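Trainee: Could you give me a close look at the metal site in this model, and at what lies around it? I'd like to follow it from the metal outward.

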Amino acid sequence: MKLELQIHPLKDWFPNYSKPGLIAGPCSAESEEQMLETAKSIATFYPNAIFRAGIWKPRTRPNTFEGIGDIGLEWMKLVKQQTGLLTATEVATADHVEKCLKAGIDILWIGARTTVNPFSVQAIADALKGIDIPVFVKNPIYPDFQLWAGALERVNNAGIKKIAAIHRGFHSYDNGPFRNSPKWELAIELKASCPELPVFCDPSHIGGTPELIPYLSQKAMDMDMDGLMIETHRNPSVALSDAKQQITPFELKEIISDLQIRSASIENLELQSKLDELRSVIQKLDNELLELLAKRMAVSTQIGEYKRDNNVTILQVAHWKKLIEDSLTNAQSLSLPKDFIKGLYQLIHDESIRRQTDVMNKIIKK
Ligand code: PEP
Ligand code: MN
């Protein structure tokens, strides 16, 4: 579905924008010294960064640090005065918006736990009517594309045109090595439905650990994302929230300087024609894959008919387990990653079962 947004490009409002736009700073504001020390270090190597710090923290469980509160806004002012960095924080209510505007916070973001709730997003959007301030919208914690798009629309409908999205990963019961499963396909879908919308990546909340941040940041750049939000703390081990994933300003500097920024457009004609050639090979193979899938599904339907006529259940667990095991062994010898093939087979199997259920229930005529 197309996402129609009225957008001011990043270069009109992000300080001296060049890729990657960087938002860095601690998960939470904790003390004046923590804020100033962290911000000053960041400003030495990235003076165009936006300084982030959570003032009110939407923690999943109570009795954890829920943010320093209003006093943190005063520290944000000091950061801006002493480093020149623009400041950003998370807002979850209309009251937060009002306080931020009063304190001169430059940029706001809506967090993942708020994006899931259209009432909260609308209340924030209403509080923003008539105000010219950039707003970032994080993806909702659950992988629901429409909630993300809807939150962007609500903010945009309130007249906010300096708008961008942040991809911070999604809660899922199978996160693999990540704290939040990246599900890059949702960020890609967002770019595809609204190519002019800037999209940042938050590798801190996706990875949940410093070791994954370089890989995720590079991947975000290779997905042609516009910037990064990275949690940075002068001393991560004593952080009051998200201690496990924050990095020091020095580590941030290294990660940013190691990034390869590749171009999204190809000017070299020779390169372009080689790429076109390879793409046409892929297209041909994709067509063959589709034809094969259609053939496979036709056989599934036949099996469904056979099971129906002989009163046999659709799912025969032992058979399915053996099939998946054999396929995974085959995949291994073809150097195809196990998780990828497992996921693919899951989809194929779901569709086979759907067809056979239809056949059993005579939705598909013999
Ligand atoms: C944060 O940025 O510290 C935060 C709470 O993020 P998210 O909303 O992505 O969980
Ligand atoms: Mn955090």
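Mentor: Let's settle one word before anything else: a donor here is an N, O or S atom within 2.8 Å of the metal, and water is not among the atoms, so a site may look incomplete. Keep in mind, too, that this is a predicted model.

With that cut-off in hand, look at the manganese ion, ligand 2. Its protein donors are the SG of Cys-27, the NE2 of His-205, an OE of Glu-231 and an OD of Asp-242, at 2.1 to 2.4 Å. Along the chain, these donor residues follow the pattern C-x177-H-x25-E-x10-D. Cys-27 sits in the loop between β1 (21–25) and α1 (32–45), while Asp-242 sits in the loop between β8 (227–231) and α10 (249–258), so this pair ties together parts that are 215 residues apart in sequence. Cys-27 and Asp-242 are both buried.

Let's stay with Cys-27 for a moment. Its relative accessible area is 2%, so it counts as buried. Being a cysteine, it might make you look for a disulfide, but the structure holds zero of them. Cys-194 is in no disulfide either: the nearest cysteine sulfur belongs to Cys-201 and is 18 Å away. Cys-194 is buried too, because its relative accessibility is 1%.

Now to ligand 1. Cys-27, His-205 and Glu-231 are among the residues around it, and each of these three also gives a donor to the manganese ion. The rest of the surroundings of ligand 1 are Arg-52, Lys-57, Glu-90, Trp-109, Gly-111, Ala-112, Arg-113, Lys-138 and Arg-168. If you want atom-level contacts, start with the arginines. Arg-52 puts a polar side-chain atom 2.7 Å from an oxygen atom of ligand 1, and Arg-168 does likewise at 2.6 Å. For His-205, an N or O atom of the side chain is 3.4 Å from an oxygen atom of ligand 1.

Moving outward, we come to the strands. Start with β3 (residues 86–90), where four of the five residues are buried. On one side, β3 runs parallel to β2 (residues 50–52), and three bridges join the two. One bridge pair to click on is Phe-51 with Thr-87 of β3. To get from β2 to β3, the chain goes through helix α2 (residues 71–83), and this β-α-β crossover is right-handed.

β3 also pairs with β4 (residues 107–110), again in the parallel sense and over three bridges. Here Thr-89 has Leu-108 of β4 as its bridge partner. The link is helix α3 (residues 94–103), which makes a right-handed β-α-β unit with β3 and β4.

There's a neat detail in the loop between α3 and β4, where you'll find Asp-106. Its side chain reaches the backbone nitrogen of Thr-87 at 2.8 Å. That is the Thr-87 that partners Phe-51. Asp-106 counts as buried because its relative accessibility is 16%, and the cut-off for buried is under 20%.

Carry on across the strands. β4 pairs with β5 (residues 135–138) in the parallel sense, over three bridges. Leu-108 turns up again here, opposite Val-135 of β5. Val-135 in turn has Ile-163 of β6 as a bridge partner. Four bridges hold β5 and β6 (residues 163–167) together in the parallel sense, and helix α6 (residues 145–157) completes a right-handed β-α-β unit with them.

Side-chain direction in β5 is worth a look as well. Val-135 and Val-137 point one way, Phe-136 and Lys-138 point the other way, and all of them are buried. Lys-138 brings us back to the start, as one of the residues around ligand 1.

Last, some backbone geometry to check. Most residues other than glycine have a negative phi, and most peptide bonds are trans. In the segment before β1, Pro-20 is joined to Lys-19 by a cis peptide bond, with omega about -5°. Asn-16 is also in the segment before β1, and its phi is positive, near 40°. Its relative accessibility is 62%, so Asn-16 counts as exposed. Asp-224, in the loop between α9 (213–222) and β8, has a positive phi as well, near 60°. At 31% relative accessibility, Asp-224 counts as partly exposed.

Methods
Residues are numbered from 1 along each chain as its sequence is written. Chains are lettered from A and ligands numbered from 1 in the order in which they are written. This is a predicted model: local features need pLDDT of at least 70, side-chain atom pairs count only at pLDDT 80 or more; totals for chains, interfaces and linings use all residues. Side-chain values use heavy atoms; hydrogens and water are left out. A disulfide is a pair of cysteine sulfur atoms within 2.5 Å. Buried means under 20% relative accessible area, exposed over 50%, partly exposed in between (1.4 Å probe, protein chains only). Two strands pair if DSSP finds at least two bridges between them. A crossover is right-handed if, with the strands pointing away from the viewer, the path from the first strand over the helix to the second runs clockwise. Donors are N, O and S atoms within 2.8 Å of the metal (3.2 Å for Na, K and Ca); water is not among the atoms, so sites may look incomplete. A residue is near a molecule or strand if one of its heavy atoms lies within 4 Å of it. A polar contact is a pair of N or O atoms within 3.5 Å; within protein, one must be able to donate a hydrogen and the other to accept it, and residues adjacent in sequence count only if both atoms are side-chain atoms.
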